[in-house]
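Biologist: Please take one part of this model and go through it closely, strand by strand, then place it among its surroundings. I would like one connected account rather than a list.

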Amino acid sequence: MEQALLVKIGGSLKEAGELLDEISAYPGPLVLVHGGGPRIADWLNRMGFETHFHRGLRITPPEQMEVVEMVLTTLGKYLAEGLSRRGRPSIALTGRDAGLLEAQPLDPLLGRVGEVTAVHTQVIHKLLQAGLTPLIAPIGLDAQGPLNINADTAAGAIAGALHLPAIFLTDVVGVLREAKDPSSRFPQLNPAQVQALIQEGTISGGMIPKVEAALNALHKGAPWAAIAKGTQGILQQVLEGSAGTRVVGG
C-alpha cells in the first residue's frame with residue numbers, strides 16, 4: 001500500500017487546478033490541511049476591516065473571526081469539490097467538526113489566534129477508512145468559540161497526532177545553499193543542521209517559518225517532514241528523495 005501522507009497546501013487558488021490534479025493522482029491515503037491568507041485579507045478588506053500582523057501572525061479580533069472562518073470554510077468546500085470531481089472523494093472540515101482541533105489563545109495581543117492543544121483523530125481515521133480524503137481548515141475551538149490557527153503549525157500538530165509524514169507544499173523547491181540556485185537544494189537536514197543554517201543566515205526570511213513548521217511536525221510526532229514545490233509528480237518525488245528537503249530527527 002502507498003505511504004499515507006499529510007500534505008499542507010497553500011490558500012491561493014491561482015494554481016489550484018494543477019495542485020488538485022497532482023493531489024488527486026496520488027495513489028495512497030492523504031490528509032490535507034489548507035491555508036487561506038490571501039483570500040482572508042481580500043475579504044477583510046472588502047468588509048472594511050484593517051489587517052495587522054504581529055510576528056508574522058494575523059491579528060484576529062473577535063469581530064473579524066467570523067469572516068476568517070467563513071473564508072476558510074468556503075475555500076475548503078471549493079477545494080474538496082475540485083478533488084472529488086477529479087476522482088478523489090473529499091470532505092472539507094474545520095476544527096469545529098467532531099471537536100477535531102482543541103486550541104487555546106496564543107497571545108492576548110493577537111486576539112482570536114490560537115495554537116492546537118489536542119487533535120481528536122477519530123473522525124480522520126473514520127473518513128480514511130471510508131475511502132475519503134479529509135481536507136482540514138485550521139480553525140480550532142476553545143470554550144469561547146473558534147480560533148484562527150496558522151495552517152503550517154496546525155498541519156504539524158495533525159501530522160504528529162496521526163504519526164504521518166508531513167509535506168509542506170510551497171513556492172520553493174526546498175532549502176537551498178544558494179538562494180538563487182535550485183541545484184543547491186539540501187536533500188535532507190536534521191534539526192541541528194537547520195538551526196546552524198539559520199544562525200549563519202543561509203536559511204532566512206520566509207524560509208524560516210517553513211523550516212520551523214517542519215521542525216514542529218517532528219516535535220509533535222511526525223516521522224519526518226519535507227518542504228517542496230507543488231509541481232506535477234512532487235509527492236512521489238519527495239518520497240523517492242529526488243525533490244524537496246526532508247527534515248528528519250537526530
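Modeller: L189 stands opposite V247 in β14. This is a predicted model, and that pair belongs to the contact between β12 and β14, which run parallel and are joined by two bridges. On β14 there is also an antiparallel partner, β13: four bridges link residues 224-229 of β13 to residues 245-248 of β14. Two of the facing pairs can be named. A226 is set opposite R246, and I227 has T245 as its bridge partner.

The side chains of β14 fall into two sets. T245 and V247 point one way, while R246 and V248 point the other way. That fits a general pattern: in a regular strand, side chains alternate between the two faces of the sheet. In β14 all four of these residues are buried, R246 included.

These strands are part of an open sheet of eight strands with mixed pairing, in the order β5-β8-β2-β1-β11-β13-β14-β12. At the edges are β5 (90-94) and β12 (188-189), each with a single partner strand, so one side of each has no neighbour in the sheet. For β12, the strand listed beside it in the order is β14, the strand that carries V247 opposite L189.

From β12 the chain can be followed into a pair of helices. Helix α6 covers residues 191-200 and helix α7 covers residues 207-220; the two pack at an angle of about 160 degrees with their axes 11 Å apart. Angles over 145 degrees count as roughly antiparallel, and α6 and α7 are therefore roughly antiparallel to each other. Their crossing is left-handed. On the α6 side the contact is made by P191, V194, Q195 and I198, and on the α7 side by I208, V211, L215 and L218.

Two other helices can be described by their span. Helix α3 (residues 62-85) has 24 residues and reaches 35 Å from first C-alpha to last, close to the 34 Å expected at 1.5 Å a residue. After α3 comes G87, with a positive phi near 95 degrees. Helix α5 (residues 151-162) has twelve residues, and its 16 Å reach is close to the expected 16 Å. α5 is mostly covered, with ten of its twelve residues buried. Among the buried residues of α5 are D152, I158 and L162, together with alanines such as A151 and A154 and the glycines G156 and G160.

Elsewhere, strand β7 and the loop after it offer two positions with some exposure. T117 lies in β7 and is partly exposed, at 42% relative accessibility. Leaving aside neighbours within four places in sequence, T117 is in contact with E102, A103 and Q104. T117 and G205 are 88 residues apart in sequence, and their C-alpha atoms are 27 Å apart. H120 sits in the loop between β7 (113-119) and α4 (122-129). H120 is partly exposed too, with a relative accessible area of 29%. With neighbours within four places again set aside, the contacts of H120 are G99, L100 and E102. For G99 and H120, the sequence separation is 21 residues and the C-alpha distance is 6.7 Å.

Definitions and conventions
Residues are numbered from 1 along each chain as its sequence is written. This is a predicted model: local features need pLDDT of at least 70, side-chain atom pairs count only at pLDDT 80 or more; totals for chains, interfaces and linings use all residues. Side-chain values use heavy atoms; hydrogens and water are left out. Two strands pair if DSSP finds at least two bridges between them. Buried means under 20% relative accessible area, exposed over 50%, partly exposed in between (1.4 Å probe, protein chains only). The expected span of a helix is 1.5 Å times one less than its number of residues. Axes are lines fitted to C-alpha atoms, for helices over the stretch in contact, and angles run from 0 to 180 degrees between N-to-C directions. Angles under 35 degrees count as roughly parallel, over 145 as roughly antiparallel, 65 to 115 as roughly perpendicular and the rest as oblique. A crossing is left-handed if the near helix is turned anticlockwise from the far one by less than a right angle, and right-handed if clockwise. Contact means heavy atoms within 4.5 Å.
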